[in-house]
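Q: Please take a close look at the patch of positive charge on the surface of this protein. Set it in the context of the whole chain, and keep the wording plain.

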Amino acid sequence: MFKYILKRLAFAVAALFIITAVIFSLLRLMPVEGYFPNFDKMSPEMIQNGLENLGLNDPLPEQLFRFYRDLFHGDLGTSWIYQPKVPITEILARKVPVSLTLGCIAMALALVVGIPLGVAMSRYKGRLPDKLGTGFIVLLNAVPVVVYYLVIQLYGSRAFNLPMLYSKNDVRTWILPILCLSLANIAEYAMWMRRYMVDQLNSDYVKLALAKGVSRRNIMYHHVLRNAFVPIIQLLPTSFLNTIIGSIYVESLFSVPGMGGLLVDVIKRQDNTMVQALVLIFATVGILGLLLGDLFMTLADPRIRLDQKGGAR
């Protein structure tokens with residue numbers, strides 16, 4: 001197990017180095033306006049002096065090495081357009097708590113609603129609860145998120161008299177963004193929980209237990225639910241990390257001053273160093289989520305051995 005973790009960490013670090021190098025190189029092909037807040041007022045000589053001071057005229061490998069060195073010391077660079085000459089870590093320190101708060105609430109809501117919905121769908125397979133749940137899942141997957149986000153913002157605010165835009169001091173403004181953030185996870189958890197529980201209900205050990213007279217309810221909640229929840233655990237870290245760093249579209253739609261809306265804003269303003277730092281953070285979250293998902297699955301079910309070929313059980 002320890003050998004597997006080290007191997008996965010090594011691959012994760014290598015992947016991050018490659019992603020960083022690619023993003024770093026591509027951003028160096030972008031116009032230099034992203035490094036000067038008053039570019040329109042600068043002469044060519046001033047621009048060249050500024051690029052020289054920033055080290056952007058140095059060879060690309062030297063710039064990349066310098067970036068890795070600063071990154072190792074926790075320095076993501078400095079914003080030049082979004083908030084001129086402010087360290088990126090200082091900006092993130094104000095943005096992360098907002099996304100973290102909304103994300104944790106949305107994640108809790110998704111678990112509280114999605115898991116029981118999947119259990120109910122599997123227990124009443126082919127009946128009304130299953131059909132309603134399936135319709136809900138199909139609807140969310142068939143309709144583009146942009147559409148139902150806009151519907152929720154427009155009609156949800158009208159029907160329940162809720163503000164459309166987020167305000168830190170008004171909890172009512174949190175309701176619609178949290179609902180939007182949780183919907184996709186609710187559908188995902190319900191869909192996979194139903195699938196895994198139906199698979200378990202068709203297993204030989206369930207048929208044997210029923211033949212011996214064990215009640216279906218006892219089997220459902222003491223055996224099937226536990227076994228079906230193990231694969232779900234693999235999904236939790238990735239969905240949790242992606243939720244807490246904020247949805248790009250949801251935060252922009254509701255004017256939430258979090259991580260998701262920040263990425264959109266800095267791309268529009270062509271703040272190259274901010275884009276570089278945020279893409280690196282999003283990539284790290286994705287890779288870390290996959291690793292944690294595998295590890296949590298082995299903790300939930302000791303029969304799973306990830307260090308064996310094929311992840312044998």
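A: Twelve helices and two strands make up the protein in this predicted model. Along the sequence, the order of these elements is α-α-α-β-β-α-α-α-α-α-α-α-α-α. Along the principal axes, the C-alpha atoms take up a box of roughly 85 × 55 × 30 Å. The protein has 313 residues, and 40% of them count as buried.

The positive patch lies on the surface and gathers Arg-123, Arg-127, Arg-216 and Arg-217. One of these, Arg-217, sits in helix α9, which covers residues 216-244. Is Arg-217 buried or exposed? Its relative accessible area is 53%, and because exposed means over 50%, Arg-217 counts as exposed.

The UniProt record, an unreviewed entry, helps to place the patch along the chain. It gives the feature "transmembrane region" at residues 9-30, 100-120, 132-151, 171-192, 228-250 and 277-299. Arg-123 and Arg-127 belong to the patch, and two of the annotated stretches in that part of the sequence are residues 100-120 and 132-151.

The model gives a backbone description of both stretches. Residues 100-120 are 100% helix and 0% strand, and the C-alpha atoms at the two ends of this stretch are 30 Å apart. Residues 132-151 are 90% helix, again with 0% strand, and here the end C-alpha atoms are 20 Å apart.

To return to the patch, it is a group of four arginines, Arg-123, Arg-127, Arg-216 and Arg-217, on the surface.

How values were computed
Residues numbered from 1 in each chain as written. Predicted model: local features only at pLDDT ≥ 70, side-chain atom pairs only at ≥ 80, totals over all residues. Heavy atoms only, no water. Patch = residues over 30% accessible without salt bridge, like charges linked within 9 Å, V, L, I, M, F, W, Y side chains within 5 Å. Areas by Shrake-Rupley, 256 points an atom, 1.4 Å probe, with all protein chains shown as cover. Salt bridge = Lys/Arg side-chain N within 4 Å of Asp/Glu carboxyl O. Lys, Arg positive; Asp, Glu negative; His and termini not counted. Charge placed at Lys NZ, Arg CZ, Asp CG, Glu CD. Helix = DSSP H or I, 4+ residues; strand = E, 2+ residues; numbered from the N terminus. Buried < 20%, exposed > 50% of the residue type's maximum accessible area, 1.4 Å probe, protein only. UniProt positions renumbered as here; feature names shortened; annotations may be inferred.
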